[in-house]
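User: Hey, I've got a structure open and I'm a bit lost. Can you walk me through it?

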Amino acid sequence: MTDTTAPAPTPASHTVVDFWFDPSCPWAWMTSRWVDEVARHRDLDVTFHVMSLAVLNEGNDVSDEYKANFARMLRYTRLVTAAGELHGQQIVKPLYDALGTRIHHEGEKDGDVVIAGAVAEVGLPADFARHADTDEYDEQMRASHFDGIGRVGQDVGTPVIAVDGVAFFGPVISPAPKGEEALRLWDGVVAVASYPGFFEIKRTRTVGPIFD
């Protein structure tokens with residue numbers, strides 16, 4: 001009897017991934033942890049880019065409580081942008097990791113404490129923190145933001161991921177899967193990204209960010 005079962009798809013040997021994040025966003029943080037897990041087992045070439053929820057929501061009708069966070073959000077994106085401009089792409093991910101650990105895992109609310117600790121962790125001088133409070137690199141920050149958003153449309157948030165040039169919002173996940181579960185999800189994402197007519201899968205979130 002002939003076995004007509006289709007063979008399982010073979011994962012691509014090398015995948016180019018671009019990841020846009022706002023350091024303040026817990027959902028982007030969760031997704032970035034998943035991408036890190038996948039990158040331990042798959043040949044991914046991942047480049048991290050800043051985007052800004054504050055810029056995304058300029059002129060939008062958002063709550064005063066949410067809007068009150070914009071100044072702090074901008075400090076983090078400005079800091080990462082300045083680091084990338086002055087020290088190269090190689091510092092962007094380590095600085096994101098240092099910021100995100102303090103913001104999301106440690107629950108630190110004081111931006112000065114977050115920034116000072118992250119700057120020290122990645123080996124930058126203490127006075128580099130001043131870049132969080134200047135608009136010197138806002139043009140580059142906005143260009144990075146709109147590069148990501150321009151690939152997926154305005155009615156999304158963070159993260160934005162491009163897989164071999166095909167971009168989408170998300171995936172929004174909680175908690176970040178690990179091991180084989182992480183790889184199965186990745187293969188599914190690569191599969192839908194490979195279909196030109198695929199646009200959206202969505203359901204209501206039933207849990208908040210689960211950091212582990």
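Analyst: Sure, we can go through confidence, then a helix and its strands, then salt bridges.

User: Cool. What kind of model is this, and how are residues numbered?

Analyst: It's a predicted model, so local features need pLDDT of at least 70 and side-chain atom pairs count only at pLDDT 80 or more, while totals for chains, interfaces and linings use all residues. Residues are numbered from 1 along each chain as its sequence is written, and side-chain values use heavy atoms, with hydrogens and water left out.

User: And what is pLDDT?

Analyst: pLDDT is the predictor's confidence in each residue, from 0 to 100. The protein chain averages 89, and 93% of the residues score at least 70.

User: Where is confidence lowest and where is it highest?

Analyst: Helix α3 (residues 64-67) is lowest, with a mean of 82, and α6 is highest, at 98. Separately, residues 1-10 have a pLDDT below 50, and beyond near neighbours in sequence this stretch has zero contacts in the model. A contact here means heavy atoms within 4.5 Å. Helices (H or I, at least four residues) and strands (E, at least two) are DSSP runs, numbered from the N terminus.

User: Ok, let's look at α1. How many of its residues are buried?

Analyst: 11 of its 14 residues are buried, so α1 is largely enclosed by the rest of the structure. Buried means under 20% relative accessible area, exposed means over 50%, and partly exposed is in between (1.4 Å probe, protein chains only). Among the buried ones are W27, W29, W34 and D36.

User: What do those buried residues pack against?

Analyst: They pack against β1 (15-21), β2 (44-50), α5 (92-105), β3 (160-163) and α8 (179-193).

User: What about the length of α1?

Analyst: At 1.5 Å a residue, the 14 residues of α1 should span 20 Å, and its end C-alpha atoms are 20 Å apart, which agrees. The expected span is 1.5 Å times one less than the number of residues.

User: Now the strands. Is β1 paired with β2 in a parallel or antiparallel way?

Analyst: β1 and β2 run parallel, joined by seven bridges. Strands pair if DSSP finds at least two bridges between them. For example, W20 has H49 in β2 as its bridge partner. β1 also pairs with β3, in the antiparallel sense over four bridges, and there V17 has V163 as its partner. β1 is mostly covered too: six of its seven residues are buried.

User: So how does α1 fit in with β1 and β2?

Analyst: Together, β1, α1 and β2 make a right-handed β-α-β unit. Right-handed means that, with the strands pointing away from the viewer, the path from the first strand over the helix to the second runs clockwise.

User: Switching topic: how many salt bridges are there?

Analyst: The count comes to 13. A salt bridge is a side-chain nitrogen of Lys or Arg within 4 Å of a carboxyl oxygen of Asp or Glu.

User: Which residue does R33 pair with?

Analyst: R33 forms one with D36, the closest N and O atoms being 3.5 Å apart. The two sit three residues apart in α1 (residues 26-39), which means about one helical turn separates them. An α-helix has 3.6 residues a turn, so residues three or four places apart point the same way. R33 is partly exposed at 22% relative accessible area, while D36 is buried at 19%. R33 and D36 also belong to a salt-bridge network with K93 and D97.

User: What about D112?

Analyst: D112 forms a salt bridge with R75, the closest N and O atoms being 2.9 Å apart. This pair links distant parts of the chain: D112 is in α6 (residues 111-121) and R75 is in α4 (residues 70-87), 37 residues apart. D112 is partly exposed at 48%, but R75 is buried at 18%.
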